[in-house]
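Biologist: I would like a close look at a single part of this structure. Please choose one, set it in its surroundings, and explain each step in plain words.

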Amino acid sequence: MPRTVLVVGTRKGCFLLESDQDRRDWSVRGPFCENWPVYHAIHDAGTGAIYAAAASEWLGSAVWRSPDLGETWALSSEGLAYDADSGRKVSKVSTLAVKNGRVLVGVEAPGIFESRDDGATWSLLTTLAGQPGSEMWDDPANQPPGHLGISALMFDDEADSRFWAIVQGIGLFETTDDSASWTPRNRGLRADWPRPHEEVGFCVHKLVRSPADGARMYQQNHVGMHRSDDTGQSWVEITEGLPTEFGFAAAAHPHDRDTFYVIPLDPGHGRCMPDGEAAVWRTRDAGESWQRLDRGLPQQDAFVGVLREGLAIDSYDVPGLYFGTSTGQVFASVNEGESWSEIASYLPSISSVEVAVVD
Amino acid sequence: MADLHLPGTLAPLFTDLPRHIDVEAATVGEAIDRLEAQWPGLRDRLCEPGPLLRRHIHVYVDQERATLETPLEARSRVDVIAAISGG
């Protein structure tokens with residue numbers, strides 16, 4: 001019988017939530033990774049391994065790996081550093097992607113490292129040098145933690161040499177030749193601030209691609225929701241009907257190219273769900289209209305946030321959705337978001353949620 | 001042999017790494033090299049490229065703040081401290 005496993009990255013380590021295919025009753029295991037702050041944790045469907053990108057205040061950045069769903073863990077940062085004379089410093093490992101035995105990790109200051117030996121050793125793949133905007137992320141003044149990292153990576157489902165990278169505050173880039181060259185993919189996006197370059201200067205928060213149609217992408221941006229029907233080459237805004245234009249988390253339906261989920265947040269410093277009322281929003285028509293999904297979610301004094309990787313959707317025929325909050329709750333829906341239940345209440349602040357269905 | 005004391009957050013990361021260990025080394029950096037030889041990856045936890053001690057890793061030799069270049073005497077006590085940080 002399949003097991004449903006949520007891999008939850010938190011500010012105090014990684015946790016695993018487990019259920020069966022009914023996804024009604026859940027058990028919690030953890031904390032793992034010695035309570036290091038975990039910024040992104042993923043499951044490698046190919047090998048069954050879990051990877052967690054973590055950065056300790058004291059002991060630096062590393063990638064943890066568990067080959068056996070959390071029974072054992074090891075960490076490595078061998079090679080996960082810029083040359084001392086480069087002026088660049090790895091202050092945080094932010095995001096992970098894995099495909100066919102190759103693991104990529106995006107870091108700040110912006111760069112992508114890769115491992116081809118299950119995370120045992122790492123080497124620098126690219127800093128996207130020479131791209132428009134790189135003079136900003138290469139500026140030592142922009143190197144302090146929290147500035148201009150690689151915030152997300154996404155492999156193409158087919159071509160191993162094709163993937164996308166988000167540079168925080170700069171925009172989306174695509175490579176089709178394994179990072180030998182890059183192309184900005186921000187045409188049609190909106191920015192409410194001055195931009196020194198035509199092709200970049202956009203604040204892409206989250207990119208997702210429809211498993212049902214690879215040409216269909218969605219992105220939550222700092223200013224607005226956007227859709228692409230040509231694999232990111234151009235974008236149209238689909239914000240109308242949402243309560244705010246700001247948010248981080250997003251998820252695409254596994255079987256329907258037009259169905260997509262997002263969690264709007266208040267912009268500014270709050271970055272919580274508006275009015276203290278928790279809700280996920282869904283479109284079933286590619287952004288033409290939106291439905292508020294809040295049955296079972298707290299509707300009073302719920303000032304919770306959900307980060308970039310905080311929303312996940314599984315691949316069952318009737319897919320389940322899961323999101324983790326800045327205040328440590330995990331909510332789940334087994335009916336495509338129609339109703340929700342709280343399956344963990346007191347975890348540390350949650351950075352990421354990923355779901356895996358394993359035999 | 002210097003008497004080296006390691007932070008508690010380090011021990012769980014490396015098999016059989018003790019909290020206290022005697023090390024034959026001429027400097028703090030050399031002492032960390034000795035540990036690295038026995039527990040690969042340990043230097044990365046204490047040092048950044050350079051190498052430099054990580055910002056929140058403080059080392060004291062006989063109660064004086066030290067760097068990687070600080071010399072060790074035969075009976076020096078070396079305390080490696082994970083400085084108070086975070087929450």
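Modeller: In chain A, 48% of the contacts with a separation of 6 or more are made by residues 24 or more positions apart. Keep in mind that this is a predicted model. The part I choose is strand 21 of chain A, residues 260-265, and in particular A:L265, which is found in that strand.

The whole chain comes before the detail. Chain A has one helix and 28 strands. Its radius of gyration is 19 Å, close to the 21 Å given by the globule rule for 359 residues, so chain A is as compact as a globular protein of that length. The C-alpha trace spans about 55 × 45 × 40 Å along the principal axes. Of the 359 residues of chain A, 59% are buried. The area that chain A exposes is about 13800 Å², and 46% of it comes from carbon and sulfur atoms. Chain A carries 29 positive and 52 negative charges, and the mean positions of the two groups are 1 Å apart.

Now to the strand and its partner. Strands of a sheet pair through backbone hydrogen bonds, and the pairing is either parallel or antiparallel. Strand 21 of chain A pairs with strand 20 of chain A, residues 246-252, in the antiparallel sense over five bridges. One pair of residues shows the register: A:A251 stands opposite A:Y261 in strand 21 of chain A. Seven of the seven residues of strand 20 of chain A are buried, so this partner strand is largely enclosed by the rest of the structure.

What about A:L265 itself: buried or exposed? A residue counts as buried when its relative accessible area is under 20%. A:L265 has a relative accessible area of 0%, so it is buried. The residues that A:L265 touches, not counting those up to four places away in sequence, can be read in three groups. One group is A:T244, A:F246, A:G247 and A:F248. Another group is A:R271, A:C272, A:M273 and A:P274. The remaining group is A:V304, A:G305 and A:V306. In addition, the C-alpha atoms of A:L265 and A:E245 are 7.9 Å apart, although the two residues are separated by 20 positions along the chain.

One of those contacts, A:R271, deserves a separate word. A:R271 is found in the loop between strand 21 and strand 22 (280-283) of chain A. Its relative accessibility is 35%, so A:R271 counts as partly exposed, whereas A:L265 is buried. The backbone of A:R271 has a phi near 55°, a positive value in a residue that is not glycine. Most residues other than glycine have a negative phi, and most peptide bonds are trans. In chain B, B:D62 also has a positive phi, about 50°, and is not a glycine. B:D62 is found in the loop between strand 5 (57-61) and strand 6 (64-66) of chain B, and at 42% relative accessibility it counts as partly exposed.

Peptide bonds in the cis form also appear in chain A. One runs from A:G30 to A:P31, with omega near 0°, and A:P31 is found in strand 3 (residues 27-32) of chain A. Another joins A:E108 and A:A109, with omega about 0°. A:A109 is found in the loop between strand 9 (102-108) and strand 10 (111-115) of chain A.

Elsewhere in chain A, antiparallel pairing builds sheets of several strands. An open sheet of four strands has the order 16-17-18-19, and its edge strands are strand 16 (204-209) and strand 19 (236-237) of chain A. Five bridges join strand 16 of chain A to strand 17, and A:R209 stands opposite A:M217 in strand 17 of chain A. Another open sheet of four strands has the order 12-13-14-15, with antiparallel pairing. Its edge strands are strand 12 (150-155) and strand 15 (183-184) of chain A, each pairing on one side only. Strand 12 and strand 13 of chain A are joined by five bridges, with A:L153 opposite A:A165 in strand 13 of chain A.

To return to the chosen part: strand 21 of chain A is paired antiparallel with strand 20 of chain A, and A:L265 in strand 21 is buried at 0% relative accessible area.

Note on methods:
Residues are numbered from 1 along each chain as its sequence is written. Chains are lettered from A and ligands numbered from 1 in the order in which they are written. This is a predicted model: local features need pLDDT of at least 70, side-chain atom pairs count only at pLDDT 80 or more; totals for chains, interfaces and linings use all residues. Side-chain values use heavy atoms; hydrogens and water are left out. Helices (H or I, at least four residues) and strands (E, at least two) are DSSP runs, numbered from the N terminus. The radius of gyration is taken over C-alpha atoms; the globule rule is 2.2 Å times the number of residues to the power 0.38. Buried means under 20% relative accessible area, exposed over 50%, partly exposed in between (1.4 Å probe, protein chains only). Contact means heavy atoms within 4.5 Å. Accessible areas come from the Shrake-Rupley method with a 1.4 Å probe; for residues, only the protein chains shown count as cover. Lys and Arg count as positive and Asp and Glu as negative; His and the chain ends are not counted. The place of a charge is taken as NZ of Lys, CZ of Arg, CG of Asp or CD of Glu. Two strands pair if DSSP finds at least two bridges between them.
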